[in-house]
Amino acid sequence: MTDDADEESETHTDEGSDREEFSHDPVGHARVEAGMTAGELLDAYGEAGIGASALNDAGDVLTEMLANDDCTVFCSLAGAMVPAGMRRIVSDLIRDGYIDALVTTGANLTHDAIEAIGGKHHHGRTHDPERSLREHDETLREEGVDRIYNVYLPQEHFTAFEHHLREAVFPSLEGSGPVSIAELCTALGEANARVNERDDVAEDPGVAAAAADADVPVYCPAVQDSVLGLQAWMYAQTADFTLDALADMTALTDLAFAADDAGCLLVGGGVPKNFTLQTMLVTPRAYDYAVQLTMDPEATGGLSGATLEEARSWGKLEPDAQNASVYGDATVTLPLLVAAARERIEGAN
């Protein structure tokens, strides 16, 4: 090699060593093979970039969070996760001791109970190619079918749910003064389990039942924004029954205070996400782990798309917290992440 070539090589080396944001870490190319496990697929994602890399990062954080026996895990569940077929994933996490508190919507609790007592959601379609979308939905309305994107639910299941509440849930809470929403969720879960067993329902008794059985609190801070909340309000018009919206704050905050380490799995945004994160604003600590699954962009300034880095600025995450966000449909990302994390944890034991 000539002296000029040696000098050129040294120049390139020197230039590379001055790069503050660059390190030699080339992107690989994921291999997908027959018989791969969820954990192996997530590992392969780690070789790639963009969303695949983010999903791999989230899998690492979720695995460490769920594997930490000293970590109190809060899970927020928003969106149509139960109607879309995700309820068993969440109920299994609760039953197997991976979730210590659940914050969810009244809608998810409503649909969870419908499945528990024998109702079913059905595959549908977002449109009819032979008619307009408006005509398609008008036909569904005429036939008594509610649509949740590409999922259908016959309205008679809501009628059965309303009878379930009035016969098996609300009466057990009457006459005892204001009731916390967590107490309502426990009563709902216990009633769901009883009816599920009594009627030999083929479907799993569900999320609320699993939480009641495992003594895991379920918080529903916007319960009135649901059929469950509407029915509670209607029942309260003629019965000695009322809900205390603030009663859950003490128990939830005490749980956060008592935690050695704290982690949160945020599925979707909205009220459940904020209620879960804001708990740390009144404690001397913050979350040590956080995984967020969302489809909302941060540029709108809305809470649902707000980054976990933004949450760190509020003191909701520790400065050195491990966190990862995945942008995509949670009905796709949640099963893969949970399957991979459980494989890593349970396969190692």
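# Reasoning from cut-offs to assignments

User: Why does Glu138 count as partly exposed?

Analyst: In this predicted model, Glu138 has a relative accessibility of 37%. Buried requires under 20% and exposed over 50%, so at 37% Glu138 counts as partly exposed.

User: What makes Arg134 exposed?

Analyst: The relative accessible area of Arg134 is 64%. The cut-off for exposed is over 50%, and Arg134 is therefore exposed.

User: How do you know that Arg134 forms a salt bridge with Glu138?

Analyst: The closest N and O atoms of Arg134 and Glu138 are 3.0 Å apart. The criterion asks for a Lys or Arg side-chain nitrogen within 4 Å of a carboxyl oxygen of Asp or Glu, so the pair qualifies. Both residues belong to helix H6 (residues 133–142), where they are four residues apart, about one turn of the helix.

User: Why is the pair of Glu203 and Arg87 called a salt bridge?

Analyst: Their side chains meet with an N to O distance of 3.8 Å, and the limit is within 4 Å; the pair therefore meets the rule. Distant parts of the chain are linked by this pair, 116 residues apart: Arg87 is in helix H4 (residues 87–95), and Glu203 is in the loop between helix H8 (181–198) and helix H9 (207–214).

User: Is Arg87 buried or exposed, and how do you know?

Analyst: Arg87 has 5% relative accessibility. Because buried means under 20%, Arg87 counts as buried. Its partner Glu203, at 25%, counts as partly exposed.

User: What makes the contact of Arg285 with Asp288 a salt bridge?

Analyst: The N to O distance is 3.2 Å, which is within 4 Å and therefore satisfies the criterion. Arg285 and Asp288 are both buried. Elsewhere, salt bridges with shared partners join Arg87, Asp112, Glu115, Lys120 and Glu203 into one network. By the rule applied here, the structure has 19 salt bridges.

User: How do you know that the structure holds zero disulfides?

Analyst: The count of disulfides is zero, and two cysteines illustrate the reasoning. A disulfide requires sulfur atoms within 2.5 Å. For Cys75 the closest cysteine sulfur, in Cys264, is 9.4 Å away, so it is too far for a bond. For Cys264 the closest cysteine sulfur is in Cys71, at 9.1 Å, again too far for a bond. Cys75, at 2% relative accessibility, counts as buried, and so does Cys264, at 0%.

User: Why are H2 and H14 called roughly perpendicular?

Analyst: H2 and H14 pack at an angle of about 110°, with their axes 8 Å apart. Angles of 65 to 115 degrees count as roughly perpendicular, and the pair is therefore placed in that class. On the H2 side the contact includes Ala38, Gly39 and Leu42, and on the H14 side Leu336, Ala340 and Arg344 are among the residues met. The residues of this contact divide into eight nonpolar, one polar and four charged. Within H2 (residues 38–45), Gly39, Leu42 and Ala44 are buried. The buried residues of H2 pack against helix H3 (50–67) as well as helix H14 (330–347).

User: What makes H8 and H9 roughly perpendicular to each other?

Analyst: Their packing angle is about 105°, and their axes are 7 Å apart. Because this angle falls in the range 65 to 115 degrees, H8 and H9 are roughly perpendicular. Cys185, Thr186, Gly189, Glu190, Asn192 and Ala193 in H8 meet Ala208, Ala209 and Ala212 in H9. The contact comprises five nonpolar, three polar and one charged residue.

Definitions and conventions:
Residues are numbered from 1 along each chain as its sequence is written. This is a predicted model: local features need pLDDT of at least 70, side-chain atom pairs count only at pLDDT 80 or more; totals for chains, interfaces and linings use all residues. Side-chain values use heavy atoms; hydrogens and water are left out. Helices (H or I, at least four residues) and strands (E, at least two) are DSSP runs, numbered from the N terminus. Buried means under 20% relative accessible area, exposed over 50%, partly exposed in between (1.4 Å probe, protein chains only). Contact means heavy atoms within 4.5 Å. Axes are lines fitted to C-alpha atoms, for helices over the stretch in contact, and angles run from 0 to 180 degrees between N-to-C directions. Angles under 35 degrees count as roughly parallel, over 145 as roughly antiparallel, 65 to 115 as roughly perpendicular and the rest as oblique. Ala, Val, Leu, Ile, Met, Phe, Trp, Tyr, Cys and Pro count as nonpolar, Asp, Glu, Lys and Arg as charged, and the others, Gly among them, as polar.
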